[in-house]
Amino acid sequence: MKENKVKKTLALVLEPIALGLLALLFIIPAITVVNLQPITKKIKDLNVLGVTNSSGLKVNIIGGSHLIFLNERIDSNEDIYTYKTKLVKREADSYSKPILEIVNDKDEDVNLEIYGGTSIPTNSDIGIIIEEQRYRLQEPNGNLLTQKITLRPKETYVIYLYIESFSDVRFEEDFELNIKEVQ
Amino acid sequence: MSKLLKRALKNSLFPAILMIAGKVLGIFLTSAIYGLTIEVGNELNGIFSTQIYFEDKAVTLFVNSFSDLSMFLFLAIPTAYFIFKTAIFQSTVGNPKTIVKVTKFNILQWITKDDTTFLKIFIWCAFLWVASSIVVINVLQDSTYTWVGILAGSFAFLCGVGAVKTFEIESNNVYPDNKRYY
């Protein structure tokens, strides 16, 4: 009688544990496989830590999630920093997102040349906003413009990317922004 | 603890191991065959602290695609085998022609013992769906070739249909079709 009671209690306790274990048998391999995904070291370092050059200019990606700007990443090649993102199809409207943080660790002004856009015109006005000042990078007809910006010493700037279109955009497009330090 | 739960736990262990083994083997075998430089790091990122690095983005995409394919095949081949075997077994019950064909192909041992239950097929199919979901998500994130995702998605869907058909036939054994048996 007592043995039966113990068995029943044990079964009651073990049942939910077994169910949890069964769920874990599905969850653990899935998480393990996702975590085992190979990554490109260079890109990963750039995304997490930002990139810096010997002169003391630091460009960090802000990241976060956005409905229009996807797959953001930053890369550097010699003195040019390249920010890339995917612009997804969207309704006619104005969108913006903080994308980069630039730190001028130097004791003097740093001049930057900023240019970029999409390879195919999207009938959108694309540009950046720095300290509430708009700098246009691409006109709706696809013309690219280069902007020159001066960064004050020991200052941090947040760059916003904005995109405006008066008609719906029905396709996605890769956007590339280049930042070059000039004398 | 119920017998069903015990059997489910027992049946889930092997596909769970195979899923991880398929991914790991896929990464290391692809790297070994193509002579790619692989680096294993220990940075804290996510739940686990071990990361596998490649220097080039194209190489990462290539290795990830083939490791995803390997993980998927590790689960897809046994699942397809179980569904196929059960389908043949059930077909032989009502169709003598199948027995002749089975004998012809020398796979009589498949129909002499029905050790593949619906539960087993369902569990393997569930793992296959989890694996194919991971592959499809990877495709959407541009970290796996599109054709791997299409293959995985389509095959997982077909196996799902196969599992449902098996269930229908098994349930017909319990609650027989009126027209057929009476």
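Two strands pair if DSSP finds at least two bridges between them. Keep that rule at hand while you work through these exercises on a predicted model.

**Exercise 1. A sheet shared by two chains**

Task: Work out which strands form the open sheet of 3 strands, and in what order.

Solution:
- Step 1. Begin with β1(A) and strand β2 (residues 51-54) of chain B: 2 bridges join them. Two bridges are enough under the rule, so these strands count as a pair.
- Step 2. Look at the direction: β1(A) and β2(B) run parallel. Within this region, A:Ile39 stands opposite B:Tyr53 in β2(B).
- Step 3. Now turn to β1(B), which is joined to β2(B) by 3 bridges and runs antiparallel to that strand. Here you can find B:Val40 opposite B:Ile52.
- Step 4. Put the strands in a row: the order is β1(A)-β2(B)-β1(B), and the pairing is mixed. β1 of chain A and β1 (39-41) of chain B are the edge strands, each pairing on one side only.

**Exercise 2. Where the chains touch**

Task: Find out how many residues of each chain are in contact, and which element gives the largest share on the side of chain A.

Solution:
- Step 1. Count the residues on both sides: 25 of chain A are in contact with 32 of chain B.
- Step 2. List the elements of chain A that each supply at least two of these residues: α1 (2-35), β1 (39-40) and α2 (41-49).
- Step 3. Pick out the largest share, which is the 16 residues from α1(A).
- Step 4. Sort the chain A side by class, and you get 17 nonpolar, 5 polar and 3 charged residues.

**Exercise 3. Two helices from different chains**

Task: Decide whether α1(A) is roughly parallel or antiparallel to α1(B).

Solution:
- Step 1. Take the geometry: the axes are 9 Å apart and the helices pack at an angle of about 10°.
- Step 2. Compare this angle with the cut-off. Angles under 35 degrees count as roughly parallel, and therefore α1(A) is roughly parallel to α1(B).
- Step 3. Add the handedness: α1(A) passes α1(B) in a left-handed crossing.
- Step 4. Find the residues that make the contact. Among them are A:Leu19, A:Leu22 and A:Leu25 of α1(A), along with B:Leu9, B:Ala16 and B:Ile20 of α1(B). By class, this contact has 14 nonpolar, 2 polar and 2 charged residues.

**Exercise 4. A helix with two partners**

Task: Describe how α5(B) packs against α1(B) and against α2(B).

Solution:
- Step 1. Get to know α5(B): this helix has 23 residues and reaches 32 Å from its first C-alpha to its last, close to the 33 Å expected at 1.5 Å a residue. After the helix comes B:Asp142, with a positive phi near 60°.
- Step 2. Take the partner α1 (residues 3-34) of chain B. Its axis and that of α5 (residues 118-140) come within 9 Å and cross at roughly 35°, and the crossing is right-handed. The residues that meet include B:Ala8 and B:Met19 in α1(B), and B:Ile123 and B:Phe127 in α5(B).
- Step 3. Take the partner α2 (residues 57-94) of chain B. Its axis and that of α5(B) come within 9 Å and cross at roughly 155°. This angle makes α2(B) roughly antiparallel to α5(B), and the crossing is left-handed.
- Step 4. Look at the second contact in detail. B:Phe72, B:Leu75 and B:Phe82 in α2(B) are among the residues that meet α5(B), where B:Trp124 and B:Leu128 are among the partners. By class, the contact has 14 nonpolar, 5 polar and 2 charged residues.

**Exercise 5. Strands within chain A**

Task: Find the edge strands of the open sheet of 5 strands in chain A, then examine the hairpin of β8(A) and β9(A).

Solution:
- Step 1. Write down the order, β4-β5-β12-β7-β10, with antiparallel pairing.
- Step 2. Look at the edges. β4 (69-77) and β10 (147-151) each have a single partner strand, so one side of each is left without a neighbour in the sheet.
- Step 3. Check one inner pair: β5 (residues 80-87) and β12 (residues 173-182) pair over 8 bridges, and A:Tyr81 has A:Ile179 as its bridge partner.
- Step 4. Move to the hairpin. β8(A) and β9 (residues 133-138) pair in the antiparallel sense over 5 bridges, with A:Ile130 opposite A:Gln133. There are 2 residues between the strands, and A:Glu131 takes a positive phi near 50°.

Note on methods: Residues numbered from 1 in each chain as written. Chains lettered and ligands numbered in written order. Predicted model: local features only at pLDDT ≥ 70, side-chain atom pairs only at ≥ 80, totals over all residues. Axes fitted to C-alpha atoms, helices over the stretch in contact; angles between N-to-C directions. Helix = DSSP H or I, 4+ residues; strand = E, 2+ residues; numbered from the N terminus. Left-handed = near helix turned anticlockwise from the far one by under 90°. Contact = placed C-beta atoms within 7 Å. Nonpolar A, V, L, I, M, F, W, Y, C, P; charged D, E, K, R; others polar. Expected span 1.5 Å × (residues − 1). Parallel < 35°, antiparallel > 145°, perpendicular 65-115°, else oblique.
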